[in-house]
Amino acid sequence: MSDTFAYTTPLDPRAKPLIDQLIYEYDSRYGNYFSEEGAAAELNRYPPEAFAPPHGNFVLLLRDGETIGGGAFKHYDVGTAEFKRIWTRSDLRRRGLARTVLLELEAQAARQGYSRIYLTTGFRQPEAVGLYLTNGYTALFDIEADPETYKTLPFEKDISHLVASAALLGGPLPQEPLLANHP
């Protein structure tokens, strides 16, 4: 089995299973808590161009050509990328795939000149909170408080070391994904 990254767009037909599962999962966890239209309204809030270079990007993690995960980022502010839609297929969770996607997104954000990451997750997603906390993200909320009081849980991470590493190597980070094959 071979895992690869494909940089593409949310309109890519290979992204449809990922987006459909994401909508189902969000609707299952939140219903219309955030919006009467449910998760589809949130996912359609940004145009596909928001996740396109030079200010954004959209990546799929493929296993033998089948979509098993993915994520995206868009411009947040000068120097900051906002990560969105980090996801892995439900039957393949707890195998490190979300971390693999997260690290690839960080590397790509650095390749595109970002030195900081900002993201939010929902209060009913403890798995995501754990992922971010164990991968060096700082919670911008009191992690001891009831997460529902915040509704959305913001995080940040400084990735300037990735940009600095590229400068020490004499140029920008390579455009190829970090992961070519993953068992």
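Start by selecting strand E4, residues 80–88. Nine of its nine residues are buried, so E4 is largely enclosed by the rest of the structure. Keep in mind as you click around that this is a predicted model. E4 makes a good base for the tour, and we'll come back to it from several directions.

**Next stop: the E3 side of E4**

Add strand E3, residues 66–77, to the selection; E3 and E4 run antiparallel and are joined by seven bridges. Two cross-strand pairs are worth labelling here. Gly-69 stands opposite Thr-88 in E4, and Phe-73 faces Phe-83 of E4. Now follow the chain from one strand to the other: E3 and E4 make a hairpin with two residues between them. Pick out Gly-79 in that turn, which has a positive phi of about 85°.

**The other side: E5**

Which way does E5 run relative to E4, parallel or antiparallel? Select residues 116–122 for E5 and you'll see the pairing with E4 is parallel, over four bridges. To check the register, label Glu-82 and its bridge partner in E5, Tyr-118. Then trace the connection: the chain leaves E4, passes through H3 and arrives at E5, a β-α-β crossover that is right-handed. H3 itself covers residues 97–111.

**Out to E2**

Go back to E3 and bring in strand E2, residues 57–63; seven bridges link E2 to E3, and the two are antiparallel. Val-59 has Gly-71 in E3 as its bridge partner, while Leu-61 is matched with Gly-69. Gly-69 is the residue you already labelled opposite Thr-88. E2 and E3 form another hairpin, with two residues between the strands, and here Asp-64 takes a positive phi near 50°.

**Zoom out to the sheet**

Now show every strand. Seven of them form an open sheet in the order E1-E2-E3-E4-E5-E7-E6, with mixed pairing. Strand E1 (3–7) and strand E6 (138–139) sit at the edges with a single partner strand each, so one side of each has no neighbour in the sheet. Strands in a sheet pair through backbone hydrogen bonds, in either the parallel or the antiparallel sense.

With the cartoon on, the count is five helices and seven strands. Reading from the N terminus, the elements go β-α-α-β-β-β-α-β-α-β-β-α.

**The big pocket**

Which residues lie nearest the centre of the largest pocket? Select Tyr-26, Ile-86, Thr-121, Gln-125 and Ala-128, out of a lining of 43 residues. The elements that give two or more residues to this lining are H1 (16–30), H2 (39–43), E4, H3, E5 and H4 (126–134). E4 turns up again here, with the largest share of the lining at seven residues. The pocket's volume is about 1200 Å³. Colour the lining by class and you get 17 nonpolar, 13 polar and 13 charged residues.

**The second pocket**

The second largest pocket holds about 160 Å³ of space. Its lining includes Pro-10, Leu-11, Ile-19, Leu-43, Tyr-46, Pro-47, Pro-48, Phe-51 and Phe-58. Asn-44 and Arg-85 are also part of that lining. By class, the lining residues come out as nine nonpolar, one polar and one charged.

**The hidden void**

How many cavities of 30 Å³ or more does the structure hold? There is one, and the space inside the largest cavity is about 40 Å³. To find it, select Pro-17, Leu-18, Gln-21, Thr-67, Ile-68, Gly-69, Trp-87, Thr-88 and Arg-89. Gly-69 and Thr-88, the facing pair from E3 and E4, are both among the lining residues. H1, E3 and E4 each supply at least two residues of the lining. The cavity lining divides into four nonpolar, four polar and one charged.

**Last look: the whole protein**

Reset the view and fit everything on screen. The C-alpha atoms fill a box of roughly 50 × 35 × 30 Å along the principal axes. A compact globule of 183 residues would have a radius of gyration near 16 Å, and the protein has 16 Å, so the two agree. Across the protein, 45% of the 183 residues count as buried. To finish where we began, put E4 back on screen: nine of its nine residues are in the buried group.

Conventions: Residues numbered from 1 in each chain as written. Predicted model: local features only at pLDDT ≥ 70, side-chain atom pairs only at ≥ 80, totals over all residues. Heavy atoms only, no water. 1 Å grid on protein atoms, 1.4 Å probe; cavity = no way out; pocket = protein on both sides within 12 Å on 5 of 7 lines; lining within 4 Å. Points joined across faces, edges and corners; volume = space filled by probe spheres on them. Nonpolar A, V, L, I, M, F, W, Y, C, P; charged D, E, K, R; others polar. Buried < 20%, exposed > 50% of the residue type's maximum accessible area, 1.4 Å probe, protein only. Pairing = 2+ DSSP bridges. Right-handed = clockwise from strand over helix to strand, strands pointing away. Rg over C-alpha atoms; globule rule 2.2 N^0.38 Å.
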